[in-house]
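Student: I keep meeting labels like "salt bridge" and "partly exposed". Can we go through how they are earned?

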Amino acid sequence: MARRMNDGTPTYIEGNTVRRQQSVPNRRQTAPERQPVLPDKTREEIIRDRERRLSAKRNLNRALSINPGYVLFLTAATAVCFCACILFVHLQSNITTHMSAITSLETQISDLKSDNEAAENRLESEMTLAEVKQRAAELGLVYPSSEQIQYYSVENSDYMNQYSDVE
């Protein structure tokens, strides 16, 4: 429960929201830890360490530097990759277009085959052989005479090639 006084006295708060008495904690002054005493290095060791650090710094600067040849190589490699990607997308698009065209042509072929079969079945059911003979007689067609019939014999193969008109 909170109770506030209008005369500026502190607020009383009950529960887990009690304020701390000190806003800044006391800090203890501690002595700094002592570094272990190392034996003094010789002049040659100091010079070698300095040269190693300098050569490492030079190697790092050389590794981080970018020269114009490297930039040109990266630009060319990026352009080649970009062109390859564009070519790949173009070829994929062409393949997709051709596949859809092939599918539509196959659909047309199957439709035409079914129409052709339906027309053949309709014609076969509409006319009988007797009707064909009667219609041929009406048009003046007659059976061929014996002089008009020619027979061919095939000796070696089961088919024959015709190179000119038969008279």
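Tutor: Sure! First, a helix here is a DSSP run of at least four residues, numbered from the N terminus. Keep in mind that this is a predicted model.

Student: What makes arginine 135 and glutamate 138 about one helical turn apart?

Tutor: They are three residues apart in helix H3 (residues 129-138), so about one helical turn separates them.

Student: Why is the contact between arginine 135 and glutamate 138 called a salt bridge?

Tutor: The rule asks for a side-chain nitrogen of Lys or Arg within 4 Å of a carboxyl oxygen of Asp or Glu. For this pair the closest N and O atoms are 3.2 Å apart, so the rule is met.

Student: How many salt bridges does that rule give?

Tutor: Two. Arginine 52 also forms one with aspartate 49, with the closest N and O atoms 3.1 Å apart. Both residues sit in helix H1 (residues 43-64), three residues apart, again about one turn of the helix.

Student: Back to helix H3: why is glutamate 138 called exposed?

Tutor: Exposed means over 50% relative accessible area. Glutamate 138 has 53%, so it counts as exposed.

Student: And what makes arginine 135 partly exposed?

Tutor: Its relative accessible area is 45%. That falls between the 20% and 50% cut-offs, so "partly exposed" is the label.

Student: How do you know which label leucine 74 gets?

Tutor: By the same cut-offs: 37% lies in between, so leucine 74 is partly exposed. Leucine 74 is in helix H2 (residues 68-126). With Ile66, Tyr70, Val71 and Phe73, it forms a nonpolar surface patch with about 500 Å² of accessible area together.

Key:
Residues numbered from 1 in each chain as written. Predicted model: local features only at pLDDT ≥ 70, side-chain atom pairs only at ≥ 80, totals over all residues. Heavy atoms only, no water. Patch = residues over 30% accessible without salt bridge, like charges linked within 9 Å, V, L, I, M, F, W, Y side chains within 5 Å. Areas by Shrake-Rupley, 256 points an atom, 1.4 Å probe, with all protein chains shown as cover. Helix = DSSP H or I, 4+ residues; strand = E, 2+ residues; numbered from the N terminus. Buried < 20%, exposed > 50% of the residue type's maximum accessible area, 1.4 Å probe, protein only.
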